[in-house]
Each structure stands twice: as C-alpha cells, then as structure tokens.
Amino acid sequence: MDRDLREDERCAAYLKAVADPLRLRVLRALQVGPLSVSDLAELLEQEVGTVSHHLRVLYHAKIVRTRREGKFIYYSLSEEILRSDDQSRESVFDFGCCRLDVSE
C-alpha cells in the first residue's frame, strides 16, 4: 500500500510539473539538445526569469538535468524518462504511471 502511494505521489509530481503550456514548449525545445536559459528564452520569446522559473520546476521534478560549462548552465531532458520509439521516431516521456507524447 505504501509503495502504491509513493508511486502515485511521484506520478502526480511529474504531471503537475508538465501541466503548463510554457513547460511543454520548453520540453519540445530541449528535444533538439541541451540549451541554456538565455537560449531557451530567446527561442521561446520569453523573459529569462520566466524561463528560469519553469526550468526550476522541471528540474525539481527530475524531468530535466543540468550541466555547467563555465558560467553557463545547460539544461537537457532526463534520459531516465525520455524514451524514443524506434519505429515511429517519436519521443515520449515515460513516467511509469503514464506516457506523454512530446513529439512535434
């Protein structure tokens, strides 16, 4: 019972993190590869602070990961939840409890 509750809480945290249109746009943008906050802000035509906030939510949900290069931090999709369907060439997030298609 406790295990089911933990799984439900984990799944709810993933779903809460992606339940925002801008966060979904961030996920699609990161499909091409790692990007910095400023790169994402320019690409999505948003303020750096706004994008940073949304990246922080995705990071704490373990949907994106970071890599530092000098003074820049690059964000990329977490390999643990990103799955590529080799037959259709589409990408999906596999949260364990559900799957989210993030193809364009």
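# Exercises on a predicted fold

Serine 78 is buried, at a relative accessible area of 3%. Here, buried means under 20% relative accessible area, exposed means over 50%, and partly exposed is what lies in between, with a 1.4 Å probe and protein chains only.

A bit of housekeeping: this is a predicted model, where local features need pLDDT of at least 70, side-chain atom pairs count only at pLDDT 80 or more, and totals for chains, interfaces and linings use all residues. Residues are numbered from 1 along each chain as its sequence is written, and side-chain values use heavy atoms, with hydrogens and water left out.

**Exercise 1. Place serine 78 in the chain and list what it touches.**

Step 1: look at the secondary structure, where helices (H or I, at least four residues) and strands (E, at least two) are DSSP runs numbered from the N terminus. Serine 78 sits in the loop connecting β3 and β4 (82-85).

Step 2: collect its contacts, meaning heavy atoms within 4.5 Å. Leaving out residues up to four places away in sequence, serine 78 touches Lys62, Ile63 and Val64.

**Exercise 2. Get the overall layout of the protein chain.**

Step 1: count the elements, and you get 4 helices and 6 strands.

Step 2: read them off from the N terminus, which gives α-α-β-α-α-β-β-β-β-β.

Step 3: check burial, and 34% of the 104 residues turn out to be buried.

Step 4: take the contacts with a separation of 6 or more; residues 24 or more positions apart account for 44% of them.

**Exercise 3. Which residues have the most contacts inside the largest nonpolar core, and which elements give two or more residues to it?**

Step 1: build the core as a set of buried Ala, Val, Leu, Ile, Met, Phe, Trp, Tyr and Cys residues joined through side-chain atoms within 4.5 Å. The largest one has 25 residues, and Leu27, Leu30, Leu40, Leu58, Ile63 and Phe93 have the most contacts inside it.

Step 2: map it onto the elements. Two or more residues come from each of α1 (2-18), α2 (21-30), α3 (37-44), α4 (48-60) and β3 (72-77). The largest share, 5 residues, belongs to α2.

Step 3: zoom in on phenylalanine 93. Its contacts, again without residues up to four places away in sequence, include Leu27, Ile63, Leu77 and Cys98.

**Exercise 4. Describe how α2 and α4 pack.**

Step 1: fit axes as lines through C-alpha atoms, for helices over the stretch in contact, with angles from 0 to 180 degrees between N-to-C directions. The two helices pack at about 80°, and their axes are 10 Å apart.

Step 2: classify the angle. That makes α2 roughly perpendicular to α4, since under 35 degrees counts as roughly parallel, over 145 as roughly antiparallel, 65 to 115 as roughly perpendicular and the rest as oblique.

Step 3: list the residues. Leu22, Arg23, Val26 and Leu27 of α2 meet Thr50, His53, His54, Leu55, Val57 and Leu58 of α4. They divide into 6 nonpolar, 3 polar and 1 charged, where Ala, Val, Leu, Ile, Met, Phe, Trp, Tyr, Cys and Pro count as nonpolar, Asp, Glu, Lys and Arg as charged, and the others, Gly among them, as polar.

**Exercise 5. In what order do the strands of the open sheet run?**

Step 1: two strands pair if DSSP finds at least two bridges between them. The 3 strands come in the order β1-β3-β2, with antiparallel pairing. The edges are β1 (35-36) and β2 (64-69), each pairing on one side only.

Step 2: go through the pairs. β1 and β3 are joined by 2 bridges, and serine 36 has tyrosine 74 as its partner in β3. For β2 and β3 there are 6 bridges; threonine 66 is opposite tyrosine 75.

Step 3: check the turn. The β2-β3 hairpin has 2 residues between the strands, and glycine 70 there takes a positive phi near 65°.

**Exercise 6. Is arginine 65 buried or partly exposed?**

Step 1: arginine 65 lies in β2. At 40% relative accessibility, it counts as partly exposed.

Step 2: its contacts, beyond four places in sequence, are Tyr59, Tyr74, Tyr75, Ser76, Leu77 and Glu79.
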